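Here is a friendly walk through one model, from a single side chain outwards to the sheet, the cores and the sulfur chemistry. Please keep the viewer open while you read.

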Amino acid sequence: QLQLVESGGGLVQPGGSLRLSCAASGFTLDDYVIGWFRQAPGKEREGVSCISTSGTITPYADSVKGRFTISRDNAKNTVYLQMNSLKPEDTAVYYCVADRQFSWSWAAWAFEGNYDYWGQGTQVTVSS
C-alpha cells in the first residue's frame, strides 16, 4: 500500500523555522514528482512547491519564494520542506503529494488534481 507520511509540523513564533518531512512507504520516491500543498482555515488549498525526480526542477509559490526550500533524499525515501522566516499567514495544514507526472507539464505543477497520492497532512501554526 502506497503511503505518504508527513512530520515536523508544530507551533512556531513568527520569524522562526520548521522542517517538514515526507516519508514514503510501500514505494520508492525515485520515480515520483513530490510536492507540498497547504490549506489554511477558510481558504482553498494551494500548491507550495514541488521537486522533480532529479531534484533539478523546484518551482515555488510566490508567497514562499526565498523563504522555503524543498529537497529530496532518495536514499532515505524522504522529501523535505525547510521553512524559514515563517509568517502567521503560513499557518495551514501541509500535505505531501506524489505523482509519476505522466500527463502534465511543469506549468501545471500547482494543480492539485495532477497528484495521485496524498498524505494525511501536518499542522503548522505560526503565532506569538
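Let us begin at W106, which counts as partly exposed because its relative accessibility is 24%; buried stands for under 20% relative accessible area, exposed for over 50%, and partly exposed for what lies in between, with a 1.4 Å probe and protein chains only. The model is a predicted one, in which local features need pLDDT of at least 70 and side-chain atom pairs count only at pLDDT 80 or more, while totals for chains, interfaces and linings use all residues. Residues are numbered from 1 along each chain as its sequence is written, and side-chain values use heavy atoms, with hydrogens and water left out.

**Aromatic rings**

W106 has a ring partner in W104, and W104 counts as buried at 9% relative accessibility. Rings of Phe, Tyr and Trp (its six-membered ring) pair if their centres lie within 6.5 Å; planes under 30 degrees apart are called stacked, over 60 edge-to-face, and the rest tilted. How many aromatic pairs does a search of the whole structure find? There are eight aromatic pairs, and two of them are set out here.

| Aromatic pair | Centre to centre | Angle between planes | Kind |
|---|---|---|---|
| F37 and Y115 | 5.4 Å | 75 degrees | edge-to-face |
| W104 and W106 | 5.8 Å | 80 degrees | edge-to-face |

The pair of F37 and Y115 links distant parts of the chain: F37 sits in strand β4, Y115 in the loop between β8 and β9 (117-118), and 78 residues separate them. Strands are DSSP runs (E, at least two residues), numbered from the N terminus. Both F37 and Y115 are buried. One aromatic cluster takes in F37, Y95, W104, W106, Y115 and W118.

The loop between β8 and β9 is also the place of N114, a residue that is buried with a relative accessible area of 13%. Not counting residues up to four places away in sequence, N114 touches D99, W104 and A108, where contact means heavy atoms within 4.5 Å.

**The open sheet**

Four strands form an open sheet in the order β1-β3-β7-β6, with antiparallel pairing; two strands pair if DSSP finds at least two bridges between them. β1 (3-7) and β6 are the edge strands, each pairing on one side only. On average, neighbouring strands of this sheet are turned by 15 degrees against each other, direction ignored; the axes are lines fitted to C-alpha atoms, and angles run from 0 to 180 degrees between N-to-C directions.

At the β1 edge, five bridges join β1 to strand β3 (residues 18-25) in the antiparallel sense, and L4 has A24 in β3 as its bridge partner. At the other edge, β6 (residues 68-73) and β7 (residues 78-83) pair over six bridges, again antiparallel, with R72 standing opposite V79 in β7. Their hairpin has four residues between the strands, and N77 takes a positive phi near 55 degrees there. Which residues of β6 lie on its covered face? They are F68, I70 and R72, whereas T69, S71 and D73 make up the uncovered face.

**Nonpolar cores**

A nonpolar core is a set of buried Ala, Val, Leu, Ile, Met, Phe, Trp, Tyr and Cys residues joined through side-chain atoms within 4.5 Å. The largest has 29 residues, of which W36, F68, L81, M83 and Y94 touch the most other members. At least two residues of this core come from each of β3, β4 (33-39), β5 (46-51), β6, β7, β8 and β10 (122-126). A second, separate core of seven residues includes C50, V97, W109 and Y115.

L20 is found in β3 and is buried, with a relative accessible area of 0%. Leaving aside its neighbours within four places in sequence, L20 has contacts that include W36, V79, L81, M83, Y94 and V124.

**Cysteines**

A disulfide is a covalent bond between the sulfur atoms of two cysteines; here the criterion is a pair of cysteine sulfur atoms within 2.5 Å. The structure holds one disulfide, joining C22 to C96 with S to S at 1.9 Å. C22 lies in β3 and C96 in β8 (residues 92-99), 74 residues apart. The link of C22 and C96 is left-handed, with -75 degrees about the S-S bond, and both cysteines are buried.

Why does C50 have no such bond to C96? The closest cysteine sulfur to that of C50 is in C96, but at 11 Å it is too far for a bond. C50 is itself buried, with a relative accessible area of 0%.
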